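This report introduces a single protein model to a reader who has not met it before. Please keep the sequence and the three-dimensional view at hand while reading.

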Amino acid sequence: MKRAGFQRVTKGNGYGVRPLMDRAEAGSNGSIGEFGWEGGSGPSFLVDPEKKLSLTVMDQRSGKDLAEIHLKIRNTAYGCL
């Protein structure tokens with residue numbers, strides 16, 4: 001199963017991180033070029049140079065809904081800007 005906002009054609013891989021390349025396809029309200037990493041057991045981070053935003057999530061859980069939770073957290077953070 002593809003994880004929402006991760007491992008999609010809209011995100012590339014570079015130096016171990018995932019850059020956002022297509023907002024609509026990824027279901028994200030982040031900026032094009034935002035990059036980050038999502039760990040398999042919960043932790044994740046993103047950096048958005050355009051908005052001068054960084055976000056770190058220190059979560060310790062796994063499961064199929066983990067990527068959806070991370071996407072909701074990212075979208076909420078962007079919605080507050």
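The report begins with the whole chain and then turns to a helix, a core and selected residues.

## Overall picture

The model is predicted. Its mean pLDDT is 80, and 81% of the residues reach 70 or more. Over residues 6-10, however, pLDDT stays under 50, although the model has 14 contacts beyond four places in sequence for this stretch. Where pLDDT is low, predicted coordinates should not be read in detail.

The secondary structure of the protein consists of 2 helices and 4 strands, and along the sequence these elements follow the pattern β-α-β-β-β-α. Of the 81 residues, 41% are buried. The accessible surface comes to about 4,900 Å², and carbon and sulfur atoms account for 56% of that surface. Among contacts with a separation of 6 or more, 31% join residues that are 24 or more positions apart.

## Helix α2

Helix α2 contains 14 residues and spans 20 Å from its first C-alpha to its last, close to the 20 Å expected at 1.5 Å a residue. Which residues of α2 are buried? They are Leu66, Ala67, His70, Leu71, Arg74, Ala77 and Tyr78. These residues lie on the same side of α2 because they cover an arc of only 135° around the axis. An α-helix has 3.6 residues a turn, so residues three or four places apart point the same way. On the other side of α2, Lys72 and Gly79 are exposed.

What do the buried residues of α2 pack against? Their partners are β1 (18-19), α1 (23-26), β2 (35-38), β3 (44-48) and β4.

## The largest nonpolar core

The largest nonpolar core has 6 residues in all: Leu46, Leu53, Leu55, Val57, Ala77 and Tyr78. At least two residues of this core come from each of β4 (53-57) and α2 (66-79). The largest share, 3 residues, is supplied by β4. In soluble globular proteins, nonpolar side chains tend to be buried together.

## Selected residues

The table lists five residues with their places and relative accessibility.

| Residue | Place | Relative accessibility |
|---|---|---|
| Ser28 | loop between α1 and β2 | 7%, buried |
| Lys52 | loop between β3 and β4 | 79%, exposed |
| Val57 | strand β4 | 13%, buried |
| His70 | helix α2 | 1%, buried |
| Ile73 | helix α2 | 32%, partly exposed |

Val57, a member of the core, lies in strand β4. Val57 counts as buried because its relative accessible area is 13%, with under 20% as the limit for that class. Leaving aside neighbours within four places in sequence, Val57 is in contact with Gly42, Pro43, Ser44, His70 and Ile73. Val57 is also 12 residues from Phe45 in sequence, with 6.1 Å between their C-alpha atoms.

Two of these contacts of Val57, His70 and Ile73, belong to helix α2, as the places of His70 and Ile73 show. Why does His70 count as buried? His70 is placed in that class because its relative accessibility is 1%. Beyond four places in sequence, the contacts of His70 are Glu38, Gly42, Pro43, Ser44, Val57 and Asp59. Gly42, Pro43 and Ser44 thus appear in the contacts of His70 and also in those of Val57.

Ile73 is partly exposed because its relative accessibility is 32%, a value that falls between the limits of 20% and 50%. With neighbours within four places left aside, Ile73 is in contact with Leu55 and Val57. Ile73 and Leu55 are 18 residues apart in sequence and 9.3 Å apart in space, C-alpha to C-alpha.

Two loop residues complete the account. Ser28, in the loop between α1 and β2, is buried because its relative accessible area is 7%. Apart from neighbours within four places in sequence, Ser28 is in contact with Leu20, Arg23, Glu34, Leu71 and Asn75. The C-alpha atoms of Ser28 and Tyr78 are separated by 9.1 Å, while the two residues are 50 residues apart along the chain.

Lys52 occupies the loop between β3 and β4. Lys52 counts as exposed because its relative accessibility is 79%, where the class requires over 50%. Phi of Lys52 is near 55°, a positive value in a residue other than glycine.

Note on methods: Residues numbered from 1 in each chain as written. Heavy atoms only, no water. Core = buried A, V, L, I, M, F, W, Y, C linked by side-chain atoms within 4.5 Å. Buried < 20%, exposed > 50% of the residue type's maximum accessible area, 1.4 Å probe, protein only. Contact = heavy atoms within 4.5 Å. Expected span 1.5 Å × (residues − 1). Arc of directions from axis to C-beta. pLDDT = per-residue confidence, 0-100. Areas by Shrake-Rupley, 256 points an atom, 1.4 Å probe, with all protein chains shown as cover.
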